[in-house]
Amino acid sequence: MQPAKAETSQTATKDMKDIVALCKRRGFVFPASDIYGGINGFWDYGPLGVELKNNLRDLWWRRMVTCPPIGPDGHPVQIVGVDSAIIQNPKAWVASGHVGGFSDPMVDCRETKLRYREDKLKAMTVVDKKGDNFYIAFDEDADQEIIQKRLKKLGIAYEANAPMGAFEKMYKDVPNFLEKVIGPDASKVGTLTPPKQFNLMFQTYVGATADEDSKAYLRPETAQGIFLNYKNVLDSSRVKIPFGIAQIGKAFRNEVNPRNFIFRSREFEQMELEWFCHKDDAAKWQKFWFEERKKFWKDLGLSDENLQMRNHDSDELSHYAKAGLGTADIEYKFPFTAPGFGELEGIAHRCDFDLTQHQQHSGEKMEYIDPDDPKNRYIPHVIEPAAGLTRGVLALLCEAFTPDPNRPSGVYLNFHPKIAPKKAAILPLMAKDGHPEKAEKLYMELREEFPVDLDIKQNIGKRYARQDEIGTPFCFTIDNDTMNDDTVTVRERNTMAQERISMSKVAEYLRTKMKV
Ligand code: ATP
C-alpha cells in the first residue's frame, strides 16, 4: 500500500497516448462501459487483451504451481493453489487490519470540489510581489511541461529550479502550509482541506437487508483468501513447511485517483504467493523469491534497463512488514514514470502477522506442528511475492510497443512468442488459385496446438501491418511456389526477414520458437 517513488516524463519513443490508442484500436483494452462514457478506474479486456492476460496468468501459474522452481536444496519447491471467494466473512478484514487501517490520506479542494491523494501531491515554492513565500501544488506525475503551463496560467514567471517538496515534508517545514498553497487545479490559496483517512475497501451488503449486520467487503487483496485457507490446505494436502499457496484473482480498491491506464485501477487482478517457512529461514527465502521473480519477468521479455529493484524505505513499510525484513519491490520503467520506475511486484516479509491475527480473531489454532517432532509447534513466517496481473499486462504492452517508421503500420508489438496473443498468422497471398485451400489446411493443423489467425482478405501489406500491430511473431505466406513444392514463406515480425520452410515443418518451427 505504499506509493513507489517515481519521477515523471515521457520517453521520446513510447508515448502512453499511442499505447492506449493501439490497445483500443486493436482490441486489447477498452474503457469499461465505453458507450456510456466509461467509469473511472475500470477497464475491459478485449479479444486480444484477454488472451494476453490469460497467457501471463497461465505462465505465472505454471512457474508457481504446476512446475514450481528448483529450491536451494536442488529439488522443486512445494506449492499448491487455491481460488477463494471474493467476499469473505467481514471479520476476516477486521483481523487482517484492512477495516481499521487500509486507507489513504485524502485532501479535498473547496474551490474545485476535486479530491486528491495527499501522498501523491508535491508543492513548489514561489515568491509573491511582496517577497513572501507561497506554494503551488502539483500532482506527483506533473512534468516540466505541465508545471510551466500552469505557472503561465497563474501569471507566475516560470522558475525551473524552484524547490519542490512532498506534502508530508511541507507540513513539517512550513507553518500553516495549507493556508499558503494553491491546490493542483485551483486558482486561489488556502482551498485544500487537512488530510482525512479514506478506506479503500468497496462495501456491499449480503442478503436481502442492507444494514450493519449484513455489511461485507470486496477483497482488496487475494492474500487473505490464502491465509483463511491455510489450515484447510494443511489438513487436506500433504504439504510440509516450507511450502507455498498461490492464488490469482480479482481484487478491488476504491483508489482515490485511479490513473495511468490499467496501472492503477479500482478493479484489477493479482497473482500472489504466500510462502510459509520457519522464521529463521525467512531471509533465505526472501532472497530466493526475489531472484526467482526477477527472472520470471526477464524471461517474459522485460529488459534489464527497464527493471529495477528497490527496498522500501522504513517509513513506507506496511504495519506487518515493519517488524521483519521489509519489502523489496521489482519496479518497471513505465513511459509515465520514466526516467523513474513504478512498482510491478512486491516481495514482502509478512512475518507471522496474518496467521497470528486470524488465530486471535477466529479462535482457531494456526500453529504448524512439525511432523518429525510434534513438540516443535510454531506459527510460520510468510514471504509474499505479490504481483499485479493487470499491471504486468501493462508492463508487457509498454515493453513490446516499438515505433518503427520503416514499416506500414508505423509500430509493432515486440511480444515474446510465449506471451503473444496469436503465435502466427497464415496468409494466402491471393484469394484464388488454390491459395486459400492450402492456407486452410495449414490452419486446421496448427489450430490444434497454437492460437493462430487465418487471414484471407486485403492485400498482403495490410495483413502484415495488422499482425505487426497485434504482436504476432510469425506470418506464414502461401503463394504459387507452395502449390508446386509445399513450402511457405515465414516472415519474422521484428526483422521482417523472410525464409522458406516446408509446410510440414511449420508446427515444429513454432514449437521451437515458443521454447526460446
Ligand atoms: P501501490 O503502492 O502501487 O498502491 P501496493 O504496494 O499497494 O501498490 P500491494 O498491496 O503490495 O500493492 O499489491 C501487490 C501488487 O498488486 C502491486 O505490486 C501491483 O502490481 C498490484 N496493484 C496494487 N494496487 C493496484 C491497483 N489499484 N491497480 C492495479 N494493480 C494494483
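This report describes the overall build of one protein chain and then selected sheets, helices and loops.

The structure is a predicted model, in which local features need pLDDT of at least 70 and side-chain atom pairs count only at pLDDT 80 or more, while totals for chains, interfaces and linings use all residues. Residues are numbered from 1 along each chain as its sequence is written, and side-chain values use heavy atoms, with hydrogens and water left out.

## The chain as a whole

The protein chain contains 15 helices and 27 strands. Helices (H or I, at least four residues) and strands (E, at least two) are DSSP runs, numbered from the N terminus. The C-alpha trace spans about 85 × 75 × 50 Å along its principal axes. Of the 516 residues in the protein chain, 52% are buried; buried means under 20% relative accessible area, exposed over 50%, and partly exposed in between (1.4 Å probe, protein chains only). About 24,200 Å² of the protein chain is exposed, and carbon and sulfur atoms supply 51% of that area. Accessible areas come from the Shrake-Rupley method with a 1.4 Å probe, and for residues, only the protein chains shown count as cover. Among contacts between residues at least 6 apart in sequence, 66% join residues at least 24 apart, where contact means heavy atoms within 4.5 Å.

## A sheet of three strands

One open sheet has 3 strands in the order 5-4-10, with antiparallel pairing. Two strands pair if DSSP finds at least two bridges between them. Strand 5 (115-117) and strand 10 (196-199) are the edge strands, each pairing on one side only. On average, neighbouring strands of this sheet are turned by 45° against each other, direction ignored. Angles run from 0 to 180 degrees between N-to-C directions, and axes are lines fitted to C-alpha atoms, for helices over the stretch in contact.

Strand 4 (residues 103-108) is joined to strand 10 by 4 bridges, and the two run antiparallel. Here Pro 105 stands opposite Gln 197 of strand 10, and Asp 104 has Phe 198 as its bridge partner in strand 10. Strand 4 also pairs with strand 5 in the antiparallel sense, over 3 bridges, and Met 106 has Arg 117 of strand 5 as its bridge partner. The hairpin of strand 4 and strand 5 has 6 residues between the strands, and Lys 113 in this hairpin takes a positive phi near 65°. Strand 4 is mostly covered, with 5 of its 6 residues buried.

## A sheet of four strands and its helix

Another open sheet has 4 strands in the order 8-6-7-9, with mixed pairing. Its edge strands are strand 8 (164-166) and strand 9 (181-182), each of which pairs on one side only. Strand 6 (residues 121-127) and strand 8 run antiparallel and are joined by 3 bridges. Lys 122 stands opposite Ala 166 in strand 8. Helix 5 (residues 144-153) lies across strand 6, strand 7 (133-139), strand 8 and strand 9, running at about 135° to strand 7.

## Two helices in contact

The axes of helix 2 (residues 47-66) and helix 9 (residues 282-299) come within 12 Å and cross at roughly 145°. In helix 2, Leu 56, Leu 59, Trp 60, Arg 63 and Met 64 take part; they meet Trp 289, Glu 292, Arg 293, Lys 295, Phe 296, Trp 297 and Asp 299 of helix 9. The residues of this contact divide into 7 nonpolar, no polar and 5 charged. In this count, Ala, Val, Leu, Ile, Met, Phe, Trp, Tyr, Cys and Pro are nonpolar, Asp, Glu, Lys and Arg are charged, and the others, Gly among them, are polar.

## Loops with marked backbone geometry

Two peptide bonds that precede a proline are cis, as listed below.

| Cis bond | Omega | Loop of the proline |
|---|---|---|
| Ile 241 to Pro 242 | near 5° | between helix 8 (230-236) and strand 13 (243-252) |
| Ala 338 to Pro 339 | about 5° | between strand 16 (327-332) and strand 17 (342-351) |

Ser 33 is not a glycine, yet has a positive phi of about 50°. It lies in the loop between strand 1 (29-31) and strand 2 (43-45), and Ser 33 is partly exposed, with a relative accessible area of 36%. Asp 486, also not a glycine, has a positive phi of about 55°. Its place is in the loop between helix 14 (480-485) and strand 26 (487-492), and Asp 486 is partly exposed at a relative accessible area of 34%.
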